[in-house]
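Me: Please take a close look at the strand pairing in this chain. Go partner by partner, then set the result against the rest of the model.

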Amino acid sequence: MYRFLLTPRWWGINVFVLLAIPFCIFMGSWQLSRFEARVQDQRDAGEQAAAAKTDPARPLRELLPIDKNTSGKQAVATGRYGKQLLVPDRELDSRHGYYVLTLLRTDGGQALPVVRGWLPGTADPAKAPAPPAGEVTVTGALQVSESPGSNGVSAAGGLPDGQTGAISSASLVNLVPYKVYDAWITLAKADGGMTAVPATAPQGTGLDLKAFQNLGYTGEWFVFAGFVVFMWFRLLRREAEFARDAELGLIPTEGTDQEQDRERDPEHGRNGSPDENPARDTAGTPVP
C-alpha cells in the first residue's frame, strides 16, 4: 500500500520535508535566542543603572568611547560652558517640556554636551537659565548619542535657531564651531531651578517592540515546522487511501464508465455512438 513512497514525486516531497523542518526549528531557536539576549540586556542595564548611583564618578576620558558597559556611569569633566541650545518636545513624568543643553568646552579642545536640566512648556530661550561663568566641574550620567526618530527623539527638521532635535555629535557639529564628543551627560543635580533629567538605558537593551517581534517570529517558525509535518501526514493518508481503494476496486475504470453510459442510453452502440444498423420493425424485418 505504501509503495508509492518510492516514486519520484514522493522522493521530492520527503526531501523537502526533511530540509524544511530543521530549517524552521533553527530559525525559531535563533529568534528565541535574540529575545533572551534582549531580556538579559535589560537586566544588565537595570543592574548597571543601580550600581551607577553608588559607584564613584570617573574622569570622562576613562569612560570613552562609550558603549553598553559605560553607558549610565557617572562621569566627571572640567571646562567652561559655551554655546547653549534647547531640545524641544521632551517629556518628563508625563509632562511636556524641553531640555536645556549647554556645551562644556574641555581642556582637550572638544566640547561635551551637558543636559543641565528640564523645563516645562514650550522651548523658550528667555526662560532657560544662563550657565555658570568660569571654570566648572560637572558630574553626571554618561549617555549614548541619540538617533533621530527613535526612543522618543524627534526627527522633525526646520527647528528655530538655537534648538536641536537630537543630542548627538552628528547633529551638533553643524551648530557649534568646535569638535563635539560622541556622547553626552545629564547632570545628577540640575542647576538654575530646573529638574534633573534621569539617565536612560542605551538603545537595544530594553524590551521594546523589536524584542517582542523576535518572540513573535519564534512562534511563527515553530508553527511553520508543525504545519509542514501536518501537511506531510495529510498527503500520506490521502495517498494511502487512494491506493487502498484502487486495490479494492472502488475506483471506477474507463471501461466501467462506458458500460454504465450504454446502460443509461440503449440507443448507443458498442462504441458509444448511435447504432449504424438499418432500422427494423417490431418483427425484426428491415424497413425499406
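Reply:
**Strand pairing, step by step**

The chain has five helices and six strands. This is a predicted model. From the N terminus, the elements run α-β-α-β-β-β-β-α-β-α-α. Start with the approach to strand 2. Helix 2 covers 60-63, strand 2 covers 74-92, and Pro65 lies in the loop between them. The peptide bond joining Leu64 and Pro65 is cis, with omega about -5°.

Next comes the first hairpin. Strand 2 and strand 3 pair in the antiparallel sense, over ten bridges. Check the register at Arg80: its bridge partner in strand 3 is Arg105. One position along from Arg80 is a side-chain contact to look at. The charged end of Arg116 sits over the ring of Tyr81, 5.8 Å from its centre.

Which residues make the turn of this hairpin? Two residues lie between strand 2 and strand 3. Asp93 sits in that loop, ahead of strand 3 at 95-106. Its phi is near 55°, positive although the residue is not glycine. Ser94 belongs to the loop between strand 2 and strand 3 too. Phi of Ser94 is near 65°, again a positive value in a residue other than glycine. Are these two residues buried or exposed? The cut-off for exposed is over 50% relative accessible area. Asp93 comes to 64%, so it counts as exposed. Ser94 comes to 74%, so it is exposed as well.

Now move off the turn and into strand 3. The picture changes there. Nine of the twelve residues of strand 3 are buried, so this strand is largely enclosed by the rest of the structure. Strand 3 pairs with strand 2, and strand 3 pairs with strand 4 as well.

The second hairpin is that one. Strand 4 spans residues 111-120 and pairs with strand 3 in the antiparallel sense, over nine bridges. Use Leu103 to fix the register: its bridge partner in strand 4 is Pro113. Four residues separate the two strands here. The turn includes Gly109, with a positive phi of about 95°. The turn between strand 2 and strand 3 has its positive phi at Asp93, whereas Gly109 takes one here.

Strand 4 has another partner. Strand 4 and strand 6 pair in the parallel sense, over two bridges. In that pairing, Val114 stands opposite Ile185 of strand 6. Strand 6 pairs with strand 5 too, this time in the antiparallel sense and over four bridges. Strand 5 covers residues 135-143. Gln143 stands opposite Trp184 of strand 6.

Which faces of strand 6 are covered? Both are. Trp184 and Thr186 are buried on one side, Ile185 and Leu187 on the other. So the partner residues named above, Ile185 and Trp184, lie on opposite sides of strand 6, and each is buried.

**Against the rest of the chain**

Buried residues make up 33% of the 288 residues. Of the contacts with a separation of 6 or more, 66% involve residues 24 or more positions apart. The accessible surface comes to about 18200 Å², with 56% belonging to carbon and sulfur atoms.

Turn to helix 4. Helix 4 has 39 residues and reaches 57 Å from its first C-alpha to its last, close to the 57 Å expected at 1.5 Å a residue. Its buried residues include Ala211, Asn214, Thr218 and Ala225. Val228, Leu236, Ala240 and Ala243 are buried there too. Gly249 follows the helix, with a positive phi near 75°.

Last, the rings. The whole structure holds five aromatic pairs. One of them is Phe23 with Trp221, edge-to-face, 5.5 Å centre to centre and 85° between the planes. This pair links distant parts of the chain: Phe23 in helix 1 (residues 8-52) and Trp221 in helix 4 (residues 209-247), 198 residues apart. Phe23 counts as partly exposed, at 45% relative accessibility. Trp232 and Phe233 form another edge-to-face pair, 5.0 Å centre to centre and 85° between the planes. Ring pairs link Trp10, Trp232 and Phe233 into a cluster.

Terms used: Residues numbered from 1 in each chain as written. Predicted model: local features only at pLDDT ≥ 70, side-chain atom pairs only at ≥ 80, totals over all residues. Heavy atoms only, no water. Phe/Tyr/Trp six-rings, centres within 6.5 Å; stacked < 30°, edge-to-face > 60°. Buried < 20%, exposed > 50% of the residue type's maximum accessible area, 1.4 Å probe, protein only. Lys NZ or Arg CZ within 6 Å of the ring centre and 35° of its normal. Contact = heavy atoms within 4.5 Å. Areas by Shrake-Rupley, 256 points an atom, 1.4 Å probe, with all protein chains shown as cover. Expected span 1.5 Å × (residues − 1). Pairing = 2+ DSSP bridges.
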